[in-house]
Structure formats: C-alpha cells, structure tokens
Amino acid sequence: QVQLVESGGGLVQAGGSLRLSCAASGRIFSINAMGWYRQAPGKQREVVASITSGGSTSYADSVKDRFTISRDNAKNTVYLQMNSLKPEDTAVYYCNADMMTGTVTWRNYWGQGTQVTVSS
C-alpha cells in the first residue's frame, strides 16, 4: 500500500503563512518528481510548484517569491512553505509524486488534498 498524505492546511488571514507537508508512505523504491497542485471550486487543477529528484524547482507565476517547495528524501516528504498568503490562494492543495513501488514502471500518485483558506 502506497499513499501520499498532506497535512498543514487550515484557515489563515491574508498576509499570513502556512507550511504544507506531504509524506509518501508504504513500500517505496524510488521517488522522482514531486509537486503541489491546487484546485478552487469550479476551476481546473493547476500546478503550484514542483521539484525534481535533483532539487530543481519550478513555480507558477502567481506564487513566485511567496512560496517555496522543498523535499526531504530521507523522509519521503515534500513541503510547501507559503508566505504572504492572499485570498486568491484559497483552494484545495494536492500533493503529487512519481514513484516506483516495487515494479519496474513509474506511476503517478495523488494525495487526498488539504484545504487552505485565506481570509481577507
């Protein structure tokens, strides 16, 4: 059994900060790229930030200079530090990862999501 579990979401006032965590659990052989996506009601899911196994990062324009993605490979965990939060950041945030779990093929996994609500 392999899964991704997000934590750290909640309600915060505009200008505040949150740190999201996503831990991969189960019999995992290897994790390649990991990322954070978000989806607001009635909108498409969009990528927020991603990080490769080598540590290269990429950010959506809307969160550049405010969010920071990082990972701890020893803990199979990816983080998203969110600073200077805006009401527009309100969404369900999902963790995503490409993993090998005992088979020779890479598979893509999603977490269940964690709600982030930013009040004005």
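Here are two short exercises on salt bridges and backbone angles, each with a worked solution.

This is a predicted model, where local features need pLDDT of at least 70, side-chain atom pairs count only at pLDDT 80 or more, and totals for chains, interfaces and linings use all residues. Residues are numbered from 1 along each chain as its sequence is written, and side-chain values use heavy atoms, with hydrogens and water left out.

**Exercise 1.** Trace the salt-bridge network that contains Arg38.

*Solution.*
- Start with the cut-off: a salt bridge is a side-chain nitrogen of Lys or Arg within 4 Å of a carboxyl oxygen of Asp or Glu. The structure holds four of them.
- From Arg38, go to Glu46, with the closest N and O atoms 3.0 Å apart.
- Arg38 also pairs with Asp89, again with closest N and O atoms 3.0 Å apart. Arg38 sits in strand S4 (residues 30-39) and Asp89 in the loop between S8 and strand S9 (91-100), so this pair ties together parts 51 residues apart in sequence. Strands (E, at least two residues) are DSSP runs, numbered from the N terminus.
- Asp89 then reaches Arg66, at 2.8 Å between the closest N and O atoms.
- That links Arg38, Glu46, Arg66 and Asp89 in a network.

**Exercise 2.** Say whether Asp65 and Asn76 are exposed or partly exposed, and check the sign of phi for each.

*Solution.*
- Buried means under 20% relative accessible area, exposed over 50%, and partly exposed in between (1.4 Å probe, protein chains only).
- Asp65, at 84%, is exposed; Asn76, at 26%, is partly exposed.
- Most residues other than glycine have a negative phi.
- Asp65 has a positive phi of about 75 degrees, and phi of Asn76 is positive too, near 50 degrees.

Note on methods: Helix = DSSP H or I, 4+ residues; strand = E, 2+ residues; numbered from the N terminus.
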